[in-house]
Amino acid sequence: MQVHLYDSSAQVGQAAAILIGAQLIGKPGSVLGLATGSTPIPTYRELIRMHRAGAVDFSSAVSFNLDEYCRLPEQHPCSYHYFMRNEFFNHVNFAPSNTHMPNGNAVDLLAECARYDQVIAKAGGIDLQLLGIGRNGHIGFNEPSDQFVYGCHVVKLTPSTIQANRRFFDTEADVPREAISLGIGSIISAKRIVLLATGYDKAQAVCRAIREDIDPATQASILRTHPDVIFLLDRAAASKL
Ligand code: GLP
């Protein structure tokens with residue numbers, strides 16, 4: 001694995017945007033795995049800037065987002081659908097039919113999980129997967145567990161994730177208790193994985209993922225088995241390495 005250190009979260013975002021831009025130049029119809037959360041926001045801003053400057057074109061790219069809360073309306077400002085439209089899709093030239101997100105409001109959530117995995121497989125899998133990392137080492141919403149779950153699935157969010165994501169909602173009671181997440185199998189099947197981590201509150205998770213045993217208690221540790229994984233870290237996130 002490669003680990004690159006930067007002085008600021010803005011630089012981490014620039015580096016990630018360069019990798020995504022280069023991916024699209026090399027293969028304009030790339031399938032991108034996209035992430036939400038505050039960490040990738042500088043990456044999306046930089047990609048928007050590069051797109052406006054004429055350097056990056058999303059017109060034939062395809063995207064699949066990692067996850068979505070269950071039973072939160074898509075129009076809710078904390079939904080990941082809203083986040084992606086607001087932070088990224090509305091500002092670049094993706095064909096709307098090429099952007100995919102799991103439907104956390106599906107009547108049959110298990111059927112939705114199966115459908116989402118099938119659409120990804122039909123698209124040929126993910127070329128470049130962008131990831132953040134939870135304070136508890138989760139990727140997507142794959143929470144600490146005694147196993148790695150291969151396929152897309154419905155997750156019960158842990159108290160630590162509910163607490164971490166509470167900052168986006170009015171009260172803790174408003175944070176959804178469940179989410180749909182891409183499984184570890186689809187993530188690890190991506191041809192290239194780029195994980196971003198910024199800030200001291202990620203230092204412990206980053207250290208466990210990189211230095212400790214590969215263990216589902218730290219889901220990100222599985223990334224070490226991947227042949228092309230790049231961690232882009234600011235100095236705070238790397239401070240416990
Ligand atoms: C959320 C998302 C993850 C994200 C993580 C970190 O729960 N499901 O995909 O990587 O938490 O978020 P942030 O970047 O806001 O710290």
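This is a short tour of two sites in a predicted model: the ligand site, then His153.

**Stop 1: the ligand**

Select the ligand. It sits in the largest pocket. Now show the residues around the ligand; there are 14 of them. Which come nearest? Colour Ser38, Thr39, Asp67, Arg167 and Lys202, which are the nearest ones.

**Stop 2: polar atoms facing the ligand**

Start with Thr39. A polar atom of the Thr39 side chain is 2.5 Å from a ligand oxygen atom. Thr39 is also one of the nearest residues.

Go to Ile133 next and display its backbone. There, an N or O atom lies 3.5 Å from an oxygen atom of the ligand.

Then pick Gly140, again with the backbone shown. A backbone N or O atom of Gly140 is 3.2 Å from a nitrogen atom of the ligand. Switch on the ligand surface: the ligand taken alone exposes 390 Å², and the protein buries 95% of that.

**Stop 3: His153**

Leave the ligand and select His153. Find it in strand E7, which covers residues 153-156. Is His153 buried or exposed? Its relative accessible area is 15%, under the 20% cut-off, so His153 counts as buried.

Show the His153 side chain and the backbone of Gly151. The side chain reaches the backbone oxygen of Gly151 at 2.8 Å.

Finally, expand the selection around His153. Which residues are in contact with His153, leaving aside its neighbours within four places in sequence? Cys113 and Asn142 are among them. So is the run Ala179, Ile180, Ser181, Leu182 and Gly183.

Terms used. Residues numbered from 1 in each chain as written. Predicted model: local features only at pLDDT ≥ 70, side-chain atom pairs only at ≥ 80, totals over all residues. Heavy atoms only, no water. Helix = DSSP H or I, 4+ residues; strand = E, 2+ residues; numbered from the N terminus. Buried < 20%, exposed > 50% of the residue type's maximum accessible area, 1.4 Å probe, protein only. Polar contact = N/O pair within 3.5 Å; in protein donor to acceptor, adjacent residues only side chain to side chain. Contact = heavy atoms within 4.5 Å. Near = heavy atom within 4 Å. Areas by Shrake-Rupley, 256 points an atom, 1.4 Å probe, with all protein chains shown as cover. 1 Å grid on protein atoms, 1.4 Å probe; cavity = no way out; pocket = protein on both sides within 12 Å on 5 of 7 lines; lining within 4 Å. Sits in = over half its atoms within 2 Å of the grid points.
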